[in-house]
Amino acid sequence: MSLEPGQNISMESVINNSPVIVTSRKVEKGFPVKYISNNIRQFGYTPEDFYSGKVEFADLIHHDDRKAVLKAFKYLNKRLPEFIQEYRIISRFDEVRFVEDRVRIKEYDKDNIHLEGTITDITERKHHQMIIHQQKNHGKKALTDTSLEDVLGLLVTNAEMIRDGLTCAIMLLDKQHKHICRVIAPNLPSFVKDAFEGLEIGYGVCSGGTALYMGERVIVENIETHPYWAMHRELAKEADLKASWAELITASTGEILGVFLMYFNFPNAPLKACYEYLKANADLAAIEIEHRITTENFRESDHRFKTIFNNINDQIYVSELNGNLIDVNEVVVESLGYSKEQILRSSPEDIVPSWYVQRASELIKVIEREHQAMYEAAAICKDGSVIPLEINARMINYNGKKTILSVARDITERKKAEKAKKLNESRLEALVRLNEMEASSMDEIAEFVKEEAVRLTESKLGYLAFMNADETDLIMHSWSKDAMAECSISDRQFIYPVSTTGLWGEAVKQRKAIITNDYMAPNPLKKGYPEGHVKLIRHMNVPIFDGGHIVAVVGVGNKEEDYDESDVQQLTLLMQGMWKLIQKKQLKGALSKYSEELSKANTKLRSVNMIRDEFLEDSMKNGHDLLHSFDVLDDETLNLLDGSQKEAISALLNNSERLKLLIDAVLYSDLQQSGKIEYSFEPVSLGTVLSDVLLNQILLIDEKHLALEKNIPAGLPPVKGDREKLTEMFVYLIHNAINLTPKGDCIGVNVYDENGHLHVTIKDNGEGIDQELIPRLFYKMYQADDSISRMFQGFESSLYICKDTVAAHQGSIWIESEIGQGSSFHVKIPKWN
């Protein structure tokens, strides 16, 4: 307000244009007003109302507050000349307003004592305080920790307190400014809220939707007759809504956020003060919404940050330059296991390793000089474990003093990954070195693998044992060097019967890896170990399979951490590499052996031929007729030559056949290991396959004068098979039957249709096979004794191929045999569906 020169402004004019009401009340019943400023009109009254005696000051006080207020007035005396009191008054419009009454005692004479002071409308401030108060009484949380809807709900509830029959609501506008997205009205019937939420704003969409659409205040004094409620009049009638006032909630930027509504259960037209109250609540809602939107945006951003922060388990430390901690975040508490108080009371030596304490002073100097530093450290947890940390530290001003802020990231997983990477590199290196040891002896290979098993599993000791053929005994090959150094047993055992062996034998009994991470704990499977044995803390042993047969067991012990599946995989991979190398050496050794025998037989044959050639040449020189030259040779000489030659030819053929089988086995093993054996399944006539195989073997059958008992019914259903692979398999089996059957005897080939399979039996009349030997014939390489080796002539290598082929066809193969009664080889192949 500007003044013209010479214009005088009275004090009364200033007071009447201010929000502060000046009053003087006499201390007697009803506290009649002797003076009150003109701005009492903000509550709907005039000074004349009081001066005429129609209204006493006590009439303004809210009935719930009157007793306390009048009592306070009554006990005023000179010892308490001034006080401030907050209470509620009722306006002429039946609105409830909060006021602050500042009173001073003024004694004109003993019978004329006045209360003089000021009255200020503090309704908006009290609303906000009541929101905080109510919120604190519901969950004891900070106001900013409650949702926007809860805060607005409290605001609405407080606004309703100014009079009876009033229900307030806040409608929020969606981001597209097209729909009412939320209705916040704790005391509005739920069916009304449900009807309004999601409504598209527009002209005539009740008071709120129309105000939002038109962008201006809407006053509906009587819902029953107003056109804005034409579509929702029945809804309002059911909810007993008779009047509705709507004030826009507008952000500081001018954006419309929503609308504040006052519903009455009676037709009602607002006075000037009502507009001010409506606007004040809308403004308060706008402040809260803007604050909440900002807060929620910040919270959302902060939540995203904290989610990442917590997921990577970053720890925050604030420390003095001497290393003493000032503050830590919750991640530190959760990670270390101490309470926050324990951490803050601790010294650096309590929660960090000694090696870090020794270099801490140097790091602090670096941080002071460079203002930041990044380095690796560690923290000691309450349970004694140590967490490796990567720390990014910098100087900060914390509460007015220089401090160090350290953001520590738990790098346990990274360390594990680095460790795993090094282990993988070591494992790869070990496998490469193992693959290069073909020229090494079996003992050298086993020794290398055993020490690598200890190193790669980070164990302190290890051992390697091989199984005997029938899997009844573990035969100890050797202990690791460290184990031997610690062991003080004088009479060491080398053969361990599986049936009487404790945990060490469980890998064979259960046919899987056995991990015991607490070896000292009671365990019914343990049988103990002798005095002087290496003390075991943790133990793991892993069986190594060749098909379904356990060929070896490797064990390791006393790793500092628990053994896990990674260690199992490592040992399995390493040992399988060893076993494949051993097999390869065995196969190549056998190949070399039988190549040598073949060479000898071939040399012998050439020698016999040379004798005959020399004999014929000599006969021609002496003029003998070649056509009749054999007549001059006596029968004994001819028989000698023919017998030697036959023997040489027989040895040549037998060794050639065994050599072929061994070569096939070597080639098959290499193809199998490289994954190059492929099957092509189609409907196959098993009768045709068997007939073709028998036809190809007929010369051998005739040569041995064998009878062939064949039962291959016509019209057999096809099987699901690979014709080439099945043909090769039956060549092996039938050829074996021919070899095992004595001259002049018989072999049998029969086919039976059994439910979903065709069952083929191939019967020989050989010497038969010992029952304990039968399972071993299906191994990749089995070294039987000489008599068995001669009897099977390399067939043990072929049977593994047969077993693998049948398995690929999802069938089964087995042998039935008795010593002296011959053998029956059985094969079952599924039919083609």
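## Confidence

pLDDT is the predictor's confidence in each residue, from 0 to 100. This is a predicted model, in which local features need pLDDT of at least 70 and side-chain atom pairs count only at pLDDT 80 or more, while totals for chains, interfaces and linings use all residues. Residues are numbered from 1 along each chain as its sequence is written, and side-chain values use heavy atoms, with hydrogens and water left out.

The protein chain averages a pLDDT of 78. A score of at least 70 is reached by 76% of the residues. Confidence is highest in strand β8 (residues 218-220), at a mean of 96, and lowest in helix α20 (residues 629-632), at 36. Residues 1-9 have pLDDT below 50 and make 2 contacts beyond near neighbours in sequence; contact means heavy atoms within 4.5 Å. Residues 623-642 are also below 50, with 12 such contacts. Where pLDDT is low, the predicted coordinates should not be read in detail.

## Overall make-up

The protein chain has 26 helices and 28 strands. These are DSSP runs numbered from the N terminus: helices are H or I, at least four residues, and strands are E, at least two. Of its 833 residues, 44% count as buried, meaning under 20% relative accessible area (exposed is over 50%, partly exposed in between; 1.4 Å probe, protein chains only).

Among contacts with a separation of 6 or more, 59% join residues 24 or more positions apart. The chain exposes about 44,000 Å², of which carbon and sulfur atoms supply 52%. Accessible areas come from the Shrake-Rupley method with a 1.4 Å probe; for residues, only the protein chains shown count as cover.

## Nonpolar cores

A nonpolar core is a set of buried Ala, Val, Leu, Ile, Met, Phe, Trp, Tyr and Cys residues joined through side-chain atoms within 4.5 Å. The largest has 38 residues. M729, F730, L733, I734, I815 and V827 have the most contacts inside it. Elements supplying at least two residues each include α22 (686-696), β25 (746-754) and β28 (823-830). Helix α24 gives the most, with 8 residues. Another core lies apart, with 29 residues, including I445 and M575.

## Helix α6 and V103

Helix α6 (residues 148-159) is largely enclosed by the rest of the structure, because 9 of its 12 residues are buried. Among them are L148, G153 and N158. Its end C-alpha atoms are 17 Å apart, which agrees with the 16 Å expected at 1.5 Å a residue; the expected span is 1.5 Å times one less than the number of residues.

V103 sits in strand β4 (residues 96-109). V103 is buried, at 2% relative accessible area. V103 and E116 are 13 residues apart in sequence, yet 5.6 Å apart in space, C-alpha to C-alpha.
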